[in-house]
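Open the model in your viewer and keep the selection prompt ready. Each stop gives you something to select, then what is there.

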Amino acid sequence: MIPLTLAEIAALTGGTLVPADTGALVTGPVVIDSRRATDGALFAALPGEHADGHDYAPAAVAAGAAGVLAARPVPGVPAVVVPDVTVALGALARAVLARLPAAAVTGITGSSGKTSTKDLTAQLVEHLGPTIAPEGSFNNEIGLPLTVLRADAATRFLVLEMSARGIGHIAALCEIAPPRIGAVLNVGRAHAGEFGSLDAVAKAKGELPEALPAGGVAVLNADDPRVVAMAARTAARVVTFGVRDTSAAVRAEDIRLDDLGRASFRLLMHDVAAPVTLRLHGAHHVPNALAAAAIAGELGMGTPAVAAALNAATARSKRRMELHERPDGVLVVNDSYNANPDSARAAIEALRHLAQGGRRGFAVLGHMAELGDIADDSHAEIGRLAAQAGVAGLIAVGEEALPVLMGARAETGWHGTAIAAPDALGAVAALDNLLQPGDVVLVKASKSAGLWEVADRLLAEGAP
Ligand SMILES: Nc1ncnc2c1ncn2[C@@H]1O[C@H](COP(=O)(O)OP(=O)(O)OP(=O)(O)O)[C@@H](O)[C@H]1O
Ligand SMILES: [Mg+2]
């Protein structure tokens, strides 16, 4: 972060300094968890689900924080008092960014693959200069400004993940951090309950290309008609990427998957070809890699350098298609971070591939949240896909996931085992009776289902 006095922060956020004569200097980081406060930190007091950040302000200051950003004065604590701490965080981030003209901002959005693509992109542009990218999935009105506020005078690139749960959300994030490059990965059914239709999702994601300036670059997925149509909604130059569309500017040819589902392909960009072998599992990471390549290409990286960096890039964020082989040869695919109908389809496709070499495939599927009216049908469809993929066993965890089993049973010709488990422990118990050495088991659900416990226990059981 660039050093700012608490008085400057008050001026930039329209807040009131309490006490008015404090000369406190904030050198960063900006934190929302008092346990992460260090010398010179700014603690932003946010209302939480279970606690009020203001109660932790004294602890943050005791841990070294120079002051707090708060909605009301906290006795004995130097503070900038603002009407809305989240809004003030955004205003502060925007003001800090305005002082860093050398930092090029890239925004990445889409229904699936934002974090994966952000992590890949960061691992490319880090070769070009100092880069700031969020940890994990810091992609909303709190996580994005916290990420921006990590930038300082040395920062050359900011690679930001932008999420939307409604219309106007991405436009607001683009106000905080005006992007020069904006990538839209796909328009899918994540948060269908809130959006209502794919067209509404497209409207929301299209706010990113809309926010780009004339000198900017919109990186659009040529394989997704709703994404490529966003070319009409931007003043920026359009660069397309695609796996299927052979007219895309950045594309992959001769895609092959190894026995662990890692893709090799020929990257074509700027009329130059270079071989790539990803370390990530699943064919769905190919478009993510192409989006990352397109962004890095626009930031000045040549095709061979992009390919070399993609070859070296690892999965930085946890529980997304993580593969672990137990000593008994059971392969556990931990994709329990999150799920929506599109990422579940991608995971089942990967499972089908992993089970090709003689392994038997099992899928443990939990609730996919926030799907509204399409929830039951979407779960049934994933069950049907799993049956079509020929899984030996399908375990639905929790009541909301039961339609998965109905979908699978409706697939004539499927003779696998279908089990309803009440919870994660029930799923593990069922698997204990089913799994044999060499089997592969996929674990996938929305975060709220907490199915990483299944993956964690399976791996702990297999430990020597
Ligand atoms: N292009 C893609 N198409 C379909 N599924 C994908 C794609 N990229 C990643 N996934 C899968 O989607 C899940 C979430 O991936 P990731 O965290 O990268 O997405 P995200 O868009 O950041 O999600 P969130 O909205 O939760 O932040 C993982 O299971 C991952 O394997
Ligand atoms: Mg994410």
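How many Å separate an oxygen atom of ligand 1 from an N or O atom in the side chain of S116? The distance is 2.6 Å. Before moving on, note that this is a predicted model, where local features need pLDDT of at least 70, side-chain atom pairs count only at pLDDT 80 or more, and totals for chains, interfaces and linings use all residues. Residues are numbered from 1 along each chain as its sequence is written, chains are lettered from A and ligands numbered from 1 in the order in which they are written, and side-chain values use heavy atoms, with hydrogens and water left out.

**Stop 1: ligand 1**

Stay on ligand 1 and select what surrounds it. There are 21 residues around ligand 1 (near means a heavy atom within 4 Å). K114, S116, R320, D335 and K444 come nearest. Now draw distances for polar contacts (pairs of N or O atoms within 3.5 Å; within protein, one must be able to donate a hydrogen and the other to accept it, and residues adjacent in sequence count only if both atoms are side-chain atoms). The side chain of K114 has an N or O atom 2.7 Å from an oxygen atom of ligand 1. G113 uses its backbone: an N or O atom there lies 3.0 Å from an oxygen atom of ligand 1.

**Stop 2: strand β19**

Select residues 361-365. This is strand β19. Helices (H or I, at least four residues) and strands (E, at least two) are DSSP runs, numbered from the N terminus. How many residues of β19 are buried? The count is 5 of 5. Buried means under 20% relative accessible area, exposed over 50%, and partly exposed in between, with a 1.4 Å probe and protein chains only. Show side chains: G361, A363 and L365 point one way, F362 and V364 the other.

Add residues 440-444, strand β22. Its pairing with β19 is parallel, over 5 bridges. Two strands pair if DSSP finds at least two bridges between them. Look for A363 opposite L442. Then add strand β20, residues 393-397, which is parallel to β19 over 4 bridges. V364 has I395 as its bridge partner there. Trace the chain from β19 through helix α14 (residues 375-388) to β20: this β-α-β crossover is right-handed. That term means that, with the strands pointing away from the viewer, the path from the first strand over the helix to the second runs clockwise.

**Stop 3: the sheet of 5 strands**

Select β2, β7, β6, β5 and β4. In that order they form an open sheet with mixed pairing. β2 (16-18) and β4 (30-31) are the edges; each has a single partner strand, so one side of each lacks a neighbour in the sheet. β2 runs antiparallel to β7 (residues 79-81) over 3 bridges. Label L17 and its partner V80 in β7.

Next, show helix α1, residues 6-13. The helix packs on the sheet and touches β2, β5 (42-44), β6 (67-70) and β7. Its direction makes about 10° with that of β7. Helix α3 (residues 85-98) touches β4, β5 and β6, and makes about 120° with β6. Axes are lines fitted to C-alpha atoms, for helices over the stretch in contact, and angles run from 0 to 180 degrees between N-to-C directions.

**Stop 4: G40 and G64**

Zoom to G40, in the loop between β4 and β5. Is G40 buried or exposed? At 12% relative accessibility, G40 is buried. Its C-alpha is 4.9 Å from that of T27, 13 residues away in sequence. Contacts beyond four places in sequence include L25, V26, G28 and G64 (heavy atoms within 4.5 Å).

Move to G64, in the loop between α2 (57-62) and β6. G64 is in contact with T38, D39, G40 and A41, leaving aside neighbours within four places.

**Stop 5: the sheet of 9 strands**

Select β9 to β16. The open sheet runs β9-β10-β8-β11-β12-β13-β14-β15-β16, with mixed pairing. β9 (131-132) and β16 (272-281) are the edge strands. β15 (residues 262-269) is antiparallel to β16, over 7 bridges. L267 pairs with A274 in β16.

Finish at T240, in strand β13 (residues 237-242). T240 is buried, at 16% relative accessible area. A polar atom of its side chain lies 3.1 Å from the backbone nitrogen of A249. T240 also touches residues including L220, V228, S247 and V250.
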